[in-house]
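User: Hey, can you walk me through this fold? I'd like to go piece by piece.

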Amino acid sequence: MDRVRGEIGCERSDYERYTGAGVGIAILDTGIIMHPDFQSRVLDFQDFTAGRTNPYDDNGHGSHIAGIIAGDGSASFGRYRGVAPNSHLVAVKVLDRRGNGNTADVLRALDFIIANRAVYGLRIVNISIGTVPKAAGGERTELLQAVERAWDAGLIVVVAAGNNGPEPMTVTTPGISRKVITVGSSDDDVEQTFRSSGYKNYSGRGPTPFCIVKPEIVAPGANITSCSNVSGAYCKKSGTSMATAVATGCLAVLLEKYPDMSNRDVKLRLYERCVDLGKPKNWQGWGMVNLNTLL
């Protein structure tokens, strides 16, 4: 995460001062393990796939996302620390060991988050998942309505643009929602070092079918080292999922400094203060999130 902190403008002094303390984040993903980097900051675990009560992650994606957002680097002596290492988490498992899920589980999960947002001090919902293009229209509509209910309840909903780029109209649902903050990868032209064959230019591009410019912002997403689903271990992953987690961590830091900001305030702040990369709007949106300018 050292490289990522540099790219998002995270100077050491600011990083020590603002760490997401007091900010609750719900993560909809494949689950979480009790990695040393999370300490006691996982306040709840809900499994909408199998109904298990103890935290687990049989895929690894969710633990990786959680580490980018909130890992404190304990197992790496501080080297691989997340963007908001004092934030607290509610991990909600909606995807199975293959990373697959169904709309009904996601809808139930979002209802749980909305109902319990005050209980856990939840301010942000991280959704690093999206529907496949062949998903039924009714399912897409239900997902859109659900994330917009969460937004209307005051939550900041941060959603991945998906990895189906680089053609236009490749942002996945629910990232096409007009209300949520959709995140693309600022470095999707970087070859993934852990794959045998290169996979580049994957970040979902707008516009949406409703002619909305998407994504709103981009963040680093290539070759990010974070927590694996083996206790004390780390691994590399790439994608807009990772970029979304970086953005979520940045917003947690912002909310620690300005706790009275609404989700609309946050969105306006991003619009005003992201760094223009000089790329097409339907690739970069307003630009790359940067903590120096955001704070």
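Analyst: Sure, one term before the sheet: two strands pair if DSSP finds at least two bridges between them. Also keep in mind that this is a predicted model.

User: Okay, so what's the strand order in the open sheet, and is the pairing parallel or antiparallel?

Analyst: The order is β2-β3-β1-β4-β5-β6-β7, so to speak the whole row of 7 strands, and the pairing is parallel.

User: Which strands stand at the edges?

Analyst: Those are β2 (42-47) and β7 (217-219). Each has a single partner strand, so one side of each is left without a neighbour in the sheet.

User: And how are neighbouring strands turned against each other?

Analyst: On average by 25°, with direction ignored.

User: Let's zoom in on one pair. How many bridges join β5 to β6?

Analyst: There are 3 bridges between β5 (residues 156-160) and β6 (residues 181-185), and the two strands run parallel. If you want a spot to click on, Ala160 stands opposite Val183 in β6.

User: Now helices. Which strands does α4 lie across?

Analyst: Helix α4 (residues 103-115) lies across β1 (24-29), β2, β3 (88-93) and β4 (122-127). Its direction is at about 170° to β1.

User: What about α5, which strands does that one cover?

Analyst: Helix α5 (residues 137-152) lies across β4, β5 and β6, running at about 145° to β5.

User: How do the axes of α4 and α5 sit relative to each other?

Analyst: They come within 10 Å and cross at roughly 10°. Angles under 35 degrees count as roughly parallel, and that makes α4 roughly parallel to α5.

User: Which residues make that contact?

Analyst: From α4 you have Thr103, Val106, Leu107, Leu110, Asp111 and Ile114. The α5 side brings Glu139, Glu142, Leu143, Ala146, Val147, Arg149 and Ala150. By class, the contact of α4 with α5 divides into 8 nonpolar, 1 polar and 4 charged residues.

User: Next pair: how do α6 and α7 cross?

Analyst: The axes of α6 (residues 240-257) and α7 (residues 263-273) come within 12 Å and cross at roughly 115°. The two helices are therefore roughly perpendicular to each other, and the crossing is right-handed.

User: Who's touching whom there?

Analyst: On α6 the contact uses Leu251, Leu254 and Leu255, and on α7 it uses Val266, Arg269 and Leu270. That gives 5 nonpolar residues, no polar ones and 1 charged.

User: α6 also meets α3, right? At what angle do those axes cross?

Analyst: Roughly 35°, with the axes coming within 8 Å. α3 passes α6 in a right-handed crossing.

User: And which residues are in that contact?

Analyst: α3 contributes His61, His64, Ile65, Ile68 and Ile69, while α6 contributes Ser241, Met242, Ala245, Val246, Thr248 and Gly249. The class split for α3 with α6 is 6 nonpolar, 5 polar and no charged residues.

User: Switching to electrostatics. How many salt bridges turn up in the whole structure?

Analyst: The search finds 7 salt bridges. One of interest here is between the side chains of Asp58 and Lys93, at 2.8 Å from N to O.

User: Where do Asp58 and Lys93 lie?

Analyst: Asp58 lies in the loop between β2 and α3 (61-70), and Lys93 is in strand β3. The pair therefore ties together parts that are 35 residues apart in sequence.

User: Last topic, backbone oddities. What should I check before I set anything up?

Analyst: As background, most residues other than glycine have a negative phi, and most peptide bonds are trans. Here the peptide bond from Gly165 to Pro166 is cis, with omega near 15°, and Pro166 is in the loop between β5 and β6. The bond from Lys214 to Pro215 is cis as well, with omega near -5°. Pro215 sits in the loop between β6 and β7.

User: What's the phi of Asn201?

Analyst: Near 55°, a positive value in a residue other than glycine. Asn201 is found in the loop between β6 and β7.

Methods. Residues numbered from 1 in each chain as written. Predicted model: local features only at pLDDT ≥ 70, side-chain atom pairs only at ≥ 80, totals over all residues. Heavy atoms only, no water. Axes fitted to C-alpha atoms, helices over the stretch in contact; angles between N-to-C directions. Helix = DSSP H or I, 4+ residues; strand = E, 2+ residues; numbered from the N terminus. Parallel < 35°, antiparallel > 145°, perpendicular 65-115°, else oblique. Left-handed = near helix turned anticlockwise from the far one by under 90°. Contact = heavy atoms within 4.5 Å. Nonpolar A, V, L, I, M, F, W, Y, C, P; charged D, E, K, R; others polar. Salt bridge = Lys/Arg side-chain N within 4 Å of Asp/Glu carboxyl O.
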